[in-house]
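I opened this one to look up two things: a strand inside one chain, and a contact between two others. My notes follow the order in which I checked them.

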Amino acid sequence: MSTKQMLLSGFGGQGILFAGKFLAYKGLTDGKQVSWLPSYGPEMRGGTASCSVIISDEAVGSPIISNPDILVAMNLPSLDKFEKSVVPGGVILADSTLIERKVERDDVTVYYIPATRLASENGFPTLANMILMGKLLEILGEFNADDMKVALSKVISAKRADMLETNLKALELGAKF
Amino acid sequence: MADKVLMKGNEAIAEAAIIAGCRHYFGYPITPQTEIAAYMAKKMPKIGGVFLQAESEIAAINMVYGVAAAGKRVMTSSSSPGISLKSEGLSYLAGSDLPALVVNVQRGGPGLGGIQPSQSDYFQATRGSGHGDYHMIVLAPSSVQEMAELTVKGFELADTYRMTSMILADGTMGQMMEPVSLDLEVKPAPEKPWATVGTKLQRKHNIVNSLSLVPEELEKFNFERYERYNYIKENEAMYEEYLMDDAEYAIAAFGITSRVAKNAINEARKQGIKVGMIRPITLWPFPVAPFKKAADKVKAIISVELSMGQMIDDVKLATECKVPVTLCNRVGGMIVSPEQVLEAIKAVAENGGAK
Amino acid sequence: MVVFDKPHALNDMSMHYCPGCTHGIIHRLVAEVMDELGIEGRTIGIAPVGCSVMAYNYFNCDMIEAAHGRAPAVATGVKRADPENNIVFTYQGDGDLASIGMAETVHAAARNENITVIFVNNAIYGMTGGQMAPTSLPGQITQTSPYGRDVNHCGYPIRVCEMLSQLEGPEYLERVTVNSVKQVRNAKKAIKKAFQNQLDGKGFSLIEVVSSCPTNWGLTPQAALKWIDEKMLPYYPLGVYKDRSAGEEK
């Protein structure tokens, strides 16, 4: 890939910013240029949170994404808001536990993943975000356990090191789905 | 790559300040720059430094004034409405020739405005912001790496010229994360024989002061200060040129808009339009030379700004109005898109630059 | 034999204060205390905006001129720049400290900032020509209360020591005056304690000095000193308002 523009969106508290940070670190670990830009402000508390992650072989120009190559929608408002903005031929990953409708467009590839349900069933209810990241990396052909471990170790504080394996499990679960 | 870490722009400023030897930070909470204060609150006590949340922006800038007078590297940070409050202090810092670093992570205004990114404090920053004849050195980073590097540079310039350096960023620059190398070179602070650190009964007392009631004397101080400013104009202007060698059209943009413009320029080049960019890194002193040069060869200049058109005045002054200068802007927290900039480029290219 | 000498911490420059103004006495007391404690060489004084704006010219220690009302914030910076070495005092009038700079005053006190504040209260804006101050008395005639301060219109004067004494923070608050030899002696004792507290790391000490302004009060120097007793002190009673270390062994 030369440049991938990814938009992650969901409710505050679903780990959108964390997932984006992981993606960015994964890119950095792979020797790419990256940028990570969150939405900020009052929406941090329960409203819609989104973040733009760009991974590129070249220096990143604008960190702002108006038309993502990939949209990860973790709730219905996010899909409603950003579905139209995805580039033709792009990819949408939707958490189908929380989004009941189907994607209306027919010029994008859509993956419906019941991430929230899978997360609960597997005993890590807060890691629906990482299940989706697993799938995303698998689609990009960037699913690589070693690099992911490095990236995870950057975003998980040393005090919570026990969470590293769990996150890895969630990523694998997503990739296999 | 191994030595690079992902950091928010705000955090990069804070860490770079510490690397630059700053051990005193005073601030007051305001979005979108609170990460700087949070970072300092966490770090400073561990390295023998001082983080103090002041009762107001006014108090914060005056605490800065106190530490600066005592000869140490010191900083504060805020966002637009807070900078208005600090403006009194900025004028006093200038009048007393004290070095300090002030960060403005801009948000939309006027008034309470919004919390989304903006560049509408350009006039406030480059024209001095408080009362009286004075300038600050204004640095406009366009990447997280530059947030760090220009913070160090800001402290150095402040010390060299006994002035306030301002980092003029915006909400996007503050909030975004990029890989950054913190392997920063820092020049040691110069001797400060003027500082009020106690006479030790070894010398006549130092006075840090901006009052002079004799007009002849005050005029002389102003003249002297402006001689220094002129020297800075000649020697410290910084800018980056992007694809300007064969450019028929030029974009003027700083900070976040220069990043957006780069995307648009790349796309325009693919479509056969020869467009380049001059990106001021110092907004004061404004890099006049590259614009002067461009005025003799490009057909038009587009100033891309998150304001109602502020830097455009400096572009017109620098080019002495030899070429048409148009504005491409969004305000209020909205950000120009590469598509919008591309349209603006096409518009000037279509009529060959004529107005 | 020398019976009377200028304190070392005060220089030879002739002061700009009006005849009969008590600023001169208060300057001298601060300078004597610096001499006696041997701290001139490590003291940094902060001058206000107001009549004592040019105090920076008169003290031999390093001096900083602050923006109006901001002296406690500037002092906070100077103190924290080098808390082991720097002895820091502010010298402020009533307009500076209790009006435009009230927030800085209250918060420096609340933080128990380890500084010494000399607060000169003469119930009027002197330098600008006699306007109503936050401490002007009810009924007091000034340029901006020409019919006398009407408390229904512009409220009551502020008793700074009493107000600050409600805070947990400050170490020491005392109100003194300098209108007689006895009172000058008391004032000096209080000022010395305020500096000693700083040396001992005890924190924020504020000495309010009820002072005179013969020029703007429209009185002779002598009548002004009398006016302090008759008008000022009933509203601003002298005394210690807070002394957190009182009763502690030396």
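Below are my entries, first on the strand and then on the contact.

**Entry 1: burial of β5(A).** I kept in mind that this is a predicted model. I started with strand β5 of chain A, residues 91–95. Is it enclosed or not, and why? Five of its five residues are buried, so the strand is largely enclosed by the rest of the structure. I then checked the two faces separately, since side chains in a regular strand alternate between the two faces of the sheet. On one side I found A:V91, A:L93 and A:D95, on the other A:I92 and A:A94, and all are buried.

**Entry 2: neighbours of β5(A).** Next I looked up which strands pair with β5(A). Strand β4 of chain A (residues 70–73) pairs with β5(A) in the parallel sense, over four bridges. Strand β6 of chain A (residues 109–113) also runs parallel to β5(A), joined by five bridges. A:V91 turned up in both: A:V91 is the bridge partner of A:I70 and stands opposite A:T109 in β6(A). I also traced β4(A) through helix α2 (residues 76–82) to β5(A), and these make a right-handed β-α-β unit.

**Entry 3: chains B and C.** I moved on to the contact, which takes 33 residues from chain B and 30 residues from chain C. Which element of chain C gives the most to its side? I found α3(C), with eight residues. By class, chain C's side has 14 nonpolar, eight polar and eight charged residues.

**Entry 4: strands across the contact.** Strand β9 of chain B (residues 207–208) runs parallel to β2(C), with two bridges joining them. There I found B:I207 opposite C:M63.

Conventions
Residues are numbered from 1 along each chain as its sequence is written. Chains are lettered from A and ligands numbered from 1 in the order in which they are written. This is a predicted model: local features need pLDDT of at least 70, side-chain atom pairs count only at pLDDT 80 or more; totals for chains, interfaces and linings use all residues. A residue is buried if 20 or more other C-beta atoms lie within 10 Å of its own, exposed if 12 or fewer, and partly exposed in between; C-beta atoms are placed from the backbone. Two strands pair if DSSP finds at least two bridges between them. A crossover is right-handed if, with the strands pointing away from the viewer, the path from the first strand over the helix to the second runs clockwise. Two residues are in contact if their C-beta atoms, placed from the backbone, lie within 7 Å. Ala, Val, Leu, Ile, Met, Phe, Trp, Tyr, Cys and Pro count as nonpolar, Asp, Glu, Lys and Arg as charged, and the others, Gly among them, as polar.
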